[in-house]
Amino acid sequence: MRVILTLILLALFNLGFSQAKFDVKAVEKFQKELNAEYADAKTSPLTTEDLAKFKSLDFYSINEKAFVVAQFIRTENEKPFEMKTSTARRPIYIKYGEAHFKLEGKEFKLNIYRNIELSKKEEYKDYLFLPFSDLTSGKESYIGGKYIDLKIPSGNTIVIDFNLSYNPYCAYNHKYSCPKVPLENDLAIEIKAGVKKFHD
């Protein structure tokens, strides 16, 4: 998972979050690098059997409407909590803020989290974690939802590009321990963007 975090964070720093315009090339780069990570036996989460026949992940068509500039509200005085995972592991997170945005004319809110241990490392000090699920989950996309990696914004807006959403490693291999999407981040809308499910 570290490889994917590094790739996405580098992309975010290169683009700059002051830029609030949809960038097709950034999405194409994300897809290319993700496929390269999954095709490499040293970094792939795939099982040996799946890796042997892997060609590409299945992505939704790049969707400009899945790019939103959300109002970012920093939440104060939040208490750290143990986030549930697919195993007995309970990493410590804190709710860092809320993203409020519109999709298809409807208002939505997503909670954004920060991993306490990860934030102590210099390269991840600005890293934020956005897990979510939507009405495609369990159908076209992974039943356990998807993740988006974000950077702490300098102002009161934050860019969320659902085209950059990816599956937890658990979608490919049960040996991993993955955070479960909190119920409050289940969206009542289909978001056709990012990576689709791997297995039927």
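Which residue lies over the face of Tyr 60, at 5.0 Å from the ring centre? In this predicted model, the residue in that position is Lys 196. A second contact of this kind involves an arginine: Arg 74 is placed over the face of Tyr 96, and the distance to the ring centre is 3.7 Å.

Aromatic rings also meet one another. Searching the whole structure yields 15 aromatic pairs. One of these joins Tyr 147 and Tyr 166, whose ring centres are 5.9 Å apart and whose planes stand at 90°. The pair is therefore edge-to-face, given that planes over 60 degrees apart fall into that class. This contact connects distant parts of the chain, since 19 residues separate the two partners. Tyr 147 belongs to strand 6 (residues 146-151), while Tyr 166 is found in the segment after strand 7 (157-161). As for solvent, Tyr 147 has a relative accessible area of 2% and is buried; Tyr 166, with a value of 1%, is buried too.

Tyr 169 and Tyr 176 provide another edge-to-face example, with ring centres 4.9 Å apart and planes at 65°. Here the two partners fall into separate accessibility classes. Tyr 169 is buried, at a relative accessible area of 4%, whereas Tyr 176 counts as partly exposed because its relative accessibility is 23% and the buried class requires a value under 20%. Both tyrosines also take part in a wider arrangement: ring pairs join Tyr 169 and Tyr 176 with Tyr 38, Phe 54, Tyr 172 and Phe 198 in a cluster.

What, then, of the cysteines? The disulfide count comes to one. It is formed by Cys 170 and Cys 178, with 2.1 Å between their sulfur atoms; the pair qualifies because this separation lies within 2.5 Å. The link between Cys 170 and Cys 178 is right-handed, with 105° about the S-S bond. How accessible is each end of this bridge, buried or exposed? Cys 170 is buried, having a relative accessible area of 8%, and Cys 178 also counts as buried, at 5% relative accessibility. Both values are under 20%, so each cysteine meets the cut-off for the buried class.

Methods: Residues are numbered from 1 along each chain as its sequence is written. This is a predicted model: local features need pLDDT of at least 70, side-chain atom pairs count only at pLDDT 80 or more; totals for chains, interfaces and linings use all residues. Side-chain values use heavy atoms; hydrogens and water are left out. Buried means under 20% relative accessible area, exposed over 50%, partly exposed in between (1.4 Å probe, protein chains only). Rings of Phe, Tyr and Trp (its six-membered ring) pair if their centres lie within 6.5 Å; planes under 30 degrees apart count as stacked, over 60 as edge-to-face and the rest as tilted. Helices (H or I, at least four residues) and strands (E, at least two) are DSSP runs, numbered from the N terminus. A charge sits over a ring if NZ of Lys or CZ of Arg is within 6 Å of the ring centre and within 35 degrees of the ring normal.
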